[in-house]
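I opened the model to look up a few packing details. These are my notes, in the order in which I checked things.

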Amino acid sequence: MPNTLTAPGYTQEAFDSFLSSRDEPGWLSDLRRAAWTRFSELGMPGRNDEEWSRTDIRLFKLDRFGLPSGASTGGEMPRALLAKGVQLGGSTATLDGAGTVDARLAEKWASKGVLFGDLPTLVVEHADLLRPFLERRLVNPGKDKFSALNAAAWAGGALLYVPRRVTIDEPLHSLSAMSDGGVDLNKTLVILEEGAEATLLSETASLTPRGGGFHAGSIELIVEPGARLRYVNLQNWGDQVWHFAHQMAHVAARGHLQWTIGALGSRLAKVNQHVALTGQDAEAQVNGVMFTQGRQHLSYNTHQHHKAPHCRSDLMYKAALQGESRTVWRGMIKVDRAAQRTDAYQRNDNLMLSRTARADSIPGLEIEADDVRCTHGSTSGRVDDQQIFYAMTRGYTRQEAVRMIVEGFFQKVFDRIPIESVSEALGEAIGQRVRAISD
Amino acid sequence: MPEFVSVARVSDVSDPGSMLVEVSDRLIVLIHASGHWYALDDVCTHDGGPLSDGPVDPEGGTIACPRHGAKFNIKTGAAETMPATKPTVAHEVKLEGDRVLVRLHDGS
């Protein structure tokens, strides 16, 4: 079973060694080298940058980590929450991005030309097919130091490629795990060609719940005309992990994307989630569930970019916060001049379970077209004491009452997820974390 | 209760002045004002900005957030001016010879 040993530091020598250890096509190495140059030029994000002003990463020490080397020490993989009780069409798992622990795809899907498994392996085996998609670089490598690092040194991750008009009616599952103190530079690439359909359940987890480490990841979802993708991404790292991610979806004409995020783990998370609707009549539904505790800090920047007319986007993020934790949600609906008849919505609700938790909610609109419907909403509040009192008079403990109220708070998001195992896994994981309300 | 941790030498911080230090994976602004030493969480409770970049006023007994000007009492951490309304956490400080030691307040 593979595991990653890393030499601390991100030096040119380390990168050259990393690159030479990989048997990849020249064009891919060139992409990596260009991104590495950008990585070397960029400084760490500063708090004068508006996007980072509410997220303090001064305690994050990049030079304590290094590049994945692919060496192996072993370790028992964590239990996959989203796969419980699901008939899967395929699954893949990696540890520290060092290589595939396990990958399988049902023959009935493979025979239809579906590719699913370890991205580094498949990109070598199907270089000509995948090259145009990787060269599109949906995630801009120059966005910040973390996106540049991922573009330069991604290792591990999943690929799903579904050919034209192929419908996969069984969910696929990918798991990316990290050992304590490890480094995960995972990249997920999903391509649904015209008229294809698929569901991918993706999750990240540490080998130990208290584990630390560094994740700089990227997700690229390409939904071609008329395709339909359901994508679930559960972030369940150990509570000392630094999590930085850039996630980008492109939905073409008549395409449909349902994207659900569960954010439970990590010490600090800074995520950019961007959905671009690029063809007429495209649609995206984005769901977010966040539950924080202790001194966790989760920051999500969401972006719904309407580039074409008659598109619809609907975003709902819900967060419940315990202890001294903090969430930052900054949402933007951007409507280009050409995107007339846009219908866009964003909403963020926060349930405060302690007086020392804090939720920052910053919705935004940037509209250049003049015939659109774009609305947003945000609420933050505490649990109603009367509801708790009522539940306790019916025989529930205070903790049980709070758990019920929290479940009810998230139910609206769960109702939007048509995959029972996902709702149950999220509900169970959150339920285990709920404690009685603290003053 | 956490132990006192040595964080700086007396000569490291002018009077008045401040210095950013790390104590047990936490950012603390160490303040030297009118011969006394103080330690606060390096967090403005208004929007999370770093207090360690802000000016110390020894006469008023405050440190100001450089972003929006909120002032905090350097002894207690209390928010003394808008836009901050909640206190930042104050920690215990003592001197041993030329060393400055900080003990984190764990009831933040």
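I started with α7 (residues 385–393) and α8 (residues 398–414) of chain A, which pack at an angle of about 125 degrees with their axes 9 Å apart. The model is a predicted one, and I read these values as such. Angles of 65 to 115 degrees count as roughly perpendicular and those over 145 as roughly antiparallel, so α7(A) and α8(A) are oblique to each other. I noted the crossing of α7(A) and α8(A) as right-handed.

Next I listed who makes this contact. From α7(A) I have A:Gln387, A:Ile388, A:Ala391 and A:Met392. From α8(A) I have A:Arg398, A:Ala401, A:Val402, A:Met404 and A:Ile405. By type, the contact of α7(A) with α8(A) has seven nonpolar residues, one polar and one charged.

I then turned to α6 of chain A, residues 145–153. How many of its nine residues are buried? I found nine of nine, and I entered the helix as mostly covered. The buried residues of α6(A) include A:Lys145 and A:Asn150 as well as A:Phe146 and A:Leu149.

What do the buried residues of α6(A) pack against? Among the helices of chain A, I found α1 (12–20) and α2 (26–41). The strands on my list are β2 (66–67), β9 (187–192), β11 (212–223) and β13 (240–251) of chain A.

Last, I looked at the contact between the chains. Chain B gives seven residues to the contact and chain A gives six. On the side of chain B that touches chain A, I counted two nonpolar, two polar and three charged residues.

Definitions and conventions: Residues numbered from 1 in each chain as written. Chains lettered and ligands numbered in written order. Predicted model: local features only at pLDDT ≥ 70, side-chain atom pairs only at ≥ 80, totals over all residues. Axes fitted to C-alpha atoms, helices over the stretch in contact; angles between N-to-C directions. Helix = DSSP H or I, 4+ residues; strand = E, 2+ residues; numbered from the N terminus. Parallel < 35°, antiparallel > 145°, perpendicular 65-115°, else oblique. Left-handed = near helix turned anticlockwise from the far one by under 90°. Contact = placed C-beta atoms within 7 Å. Nonpolar A, V, L, I, M, F, W, Y, C, P; charged D, E, K, R; others polar. Buried ≥ 20, exposed ≤ 12 C-beta atoms within 10 Å, placed from the backbone.
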